[in-house]
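Reader: I would like to understand one part of this protein closely, and then to see how that part compares with other places in the chain. Please take your time with the terms.

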Amino acid sequence: MRVVDAFVRPLTSLRLSVTDRCNLRCHYCMPEAGYVWLPRKSILTFEETSRLVEAFTGLGVDRVRLTGGEPLLRQDLPALIELLAANRRVRDLALTTNAILLRDQVKALRAAGLRRITVSLDSLHPDRFEKLTRFDSHPAVLAGIDAALDADFESVKLDAVIIRDVNGDELPDLLEFGRHRGIEVRFIEYMDVGGATQWSTEAVVSRREMLEILTDRYGPITPVDERTSAPADRFTLPDGTIFGIISSTTEPFCQNCDRSRLTADGLWYLCLYGEHGVDLRQPLRAGASGDELREQIAAVWRARTDRGAEARLGTDRRVPFIPIRRLKEEPHLEMHTRGG
Ligand code: SAM
Ligand code: SF4
Ligand code: SF4
C-alpha cells in the first residue's frame with residue numbers, strides 16, 4: 001500500500017536517527033555548552049527499529065538513511081544495517097556521517113549491506129575544522145573518506161554547510177577535492193533549524209550567491225535536467241563535473257518532500273521544522289501489530305500539511321527557529337536528535 005499526504009506527497013524516504021550523541025560540536029548544529037540526552041531505556045533496540053521500518057516500508061518507504069547525532073557512535077551499527085538490508089522493500093540504504101570513526105568501521109558497514117555514504121566535511125583546513133567543530137579530528141575524517149572510496153560503495157558524496165566568513169571562500173577548493181576523488185560535492189545553505197542557535201540571515205550564503213562564485217571561477221554552469229524528490233539541485237561545470245546545492249533556506253523544496261524522520265527513541269517527525277513528533281515507541285512496546293502500526297502511520301501521513309522551510313520564508317526579521325530555552329526543555333527539537 002502507498003499513502004500520500006494532504007498535498008499528494010508520497011511517503012517514500014525515511015531518515016533514522018540511531019543516536020542523539022555526537023563526537024563533534026559543529027557551530028551550526030551543537031554550539032551550546034551542555035546538552036540534555038535521551039534516556040538510555042527509551043532508545044529503540046535494533047529489533048524495534050527494524051519493526052518500525054517494516055511498518056514504513058509497508059506503506060511505500062523504499063529509501064532509508066541512517067543519521068544522528070553521529071550514527072557511527074551507535075554500538076554494533078552493522079547489525080542494524082544487516083536487519084534493514086534484509087528488508088526487500090528497502091531499495092536504497094544510505095548513511096550520513098562525520099566520518100571520524102569511518103576508517104575502522106567501513107568494511108563492516110559495507111559487508112552488512114550499506115550501499116551509499118555521505119560524509120559531512122565543511123573545510124579542508126585543519127585549523128578551521130577545529131574552530132568549527134571544537135575537535136582536531138580533521139585527519140581522521142580524511143582517512144575515513146579514503147577508506148570509504150576503497151570500499152566499493154555505490155556512491156560516496158560529500159556535504160558541506162556553507163557559512164559566510166567561516167568557509168564561504170572554500171567552494172572551489174571543496175569542489176576540486178571532490179573532483180579529484182570522484183566524489184559528488186553538495187553545498188548546503190545554512191538553516192535556522194533546531195540547534196542552530198547562532199544562525200543569522202547575514203551568515204547564509206544563498207544558492208544564487210554560490211552559483212555566482214562558481215560561475216566566476218569555472219564559467220557557465222548548467223542545471224542537470226532531472227525530476228526527483230532529492231533535496232539537492234544538481235549542476236554541471238563546463239568540464240562535466242557535477243555538484244549539488246541544497247537550498248533549504250532561500251529556495252526550499254517542500255512541495256516535493258517525501259521525507260520524514262524517526263528519532264532513536266521512536267518519535268516520528270513529519271518535517272525538519274516539525275515541533276511535535278508522533279510517539280511510535282509507545283504502541284510498539286505496548287504490543288501493536290504490524291497492521292496497527294501501519295494504520296497509525298498512514299492516518300498521520302494522510303493528514304500531513306507540513307512545509308516548514310517554505311513557511312519560514314514568510315518570516316519577518318528571521319532569527320533562529322527555536323529559542324535555547326525550548327531546546328533545553330525538549331531535546332527532540334535539536335537537529336542532532338531528529339537527524340539531519
Ligand atoms: N553527524 C552526522 C554528520 O554530521 O554527517 C549526521 C547528522 S548531521 C545532523 C546531518 C547533516 O545535517 C550534516 O551534513 C550537517 O552538516 C547538517 N546540518 C546540521 N545543522 C545544520 C544547519 N544548521 N544547517 C544546515 N545543515 C545542517
Ligand atoms: Fe556536527 Fe553532525 Fe554532530 Fe551535528 S550531528 S554536531 S552536524 S557532526
Ligand atoms: Fe520537507 Fe519540512 Fe524540509 Fe520542507 S522543511 S523539505 S516539508 S522536511
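Does V8 count as buried or exposed, and at what relative accessibility?

Author: This is a predicted model, in which local features need pLDDT of at least 70 and side-chain atom pairs count only at pLDDT 80 or more, while totals for chains, interfaces and linings use all residues. Residues are numbered from 1 along each chain as its sequence is written, chains are lettered from A and ligands numbered from 1 in the order in which they are written, and side-chain values use heavy atoms, with hydrogens and water left out.

V8 counts as exposed because its relative accessibility is 63%, where exposed means over 50% relative accessible area, buried under 20% and partly exposed in between (1.4 Å probe, protein chains only). Along the chain, V8 belongs to the segment before β1, the strand of residues 13-17; strands (E, at least two residues) and helices (H or I, at least four) are DSSP runs, numbered from the N terminus. The backbone also deserves attention at this place, since phi of V8 is near 60 degrees, a positive value in a residue other than glycine. Most residues other than glycine have a negative phi.

D152 makes a useful companion to V8. D152 is not a glycine either, and its phi is positive, at about 65 degrees. This residue sits in the loop that runs between helix α5 (138-149) and strand β5 (155-162), and D152 is exposed because its relative accessible area is 60%.

For a contrast, turn to T49, which is part of helix α1, residues 46-57. T49 counts as buried because its relative accessibility is 7%. Setting aside the neighbours within four places in sequence, T49 is in contact (heavy atoms within 4.5 Å) with L16, L44 and L80.

The interior can be followed further through the largest nonpolar core, which has 98 residues; such a core is a set of buried Ala, Val, Leu, Ile, Met, Phe, Trp, Tyr and Cys residues joined through side-chain atoms within 4.5 Å. F187, F243 and W268 are the residues with the most contacts inside this core. In soluble globular proteins, nonpolar side chains tend to be buried together. If residues up to four places away in sequence are not counted, W268 touches L11, L14, F56, S260, R261, L262, G277, V278, L280, I297, V300 and W301.

Two ligand surroundings complete the view, and here a residue is near a ligand if one of its heavy atoms lies within 4 Å of it. Ligand 2 is surrounded by C22, L24, C26, Y28, C29, M30, G69 and N98. By class, that shell holds six nonpolar and two polar residues but no charged ones, where Ala, Val, Leu, Ile, Met, Phe, Trp, Tyr, Cys and Pro count as nonpolar, Asp, Glu, Lys and Arg as charged, and the others, Gly among them, as polar.

Around ligand 3 there are 13 residues, of which C254, C257, C271, L272 and A309 come nearest. At least two residues of this shell are supplied by β10 (259-262), and at least two by α10 (308-313). The shell around ligand 3 divides into seven nonpolar, one polar and five charged residues.

To return to your request, V8 is exposed at 63% relative accessibility and has a positive phi near 60 degrees, whereas T49 is buried at 7%.
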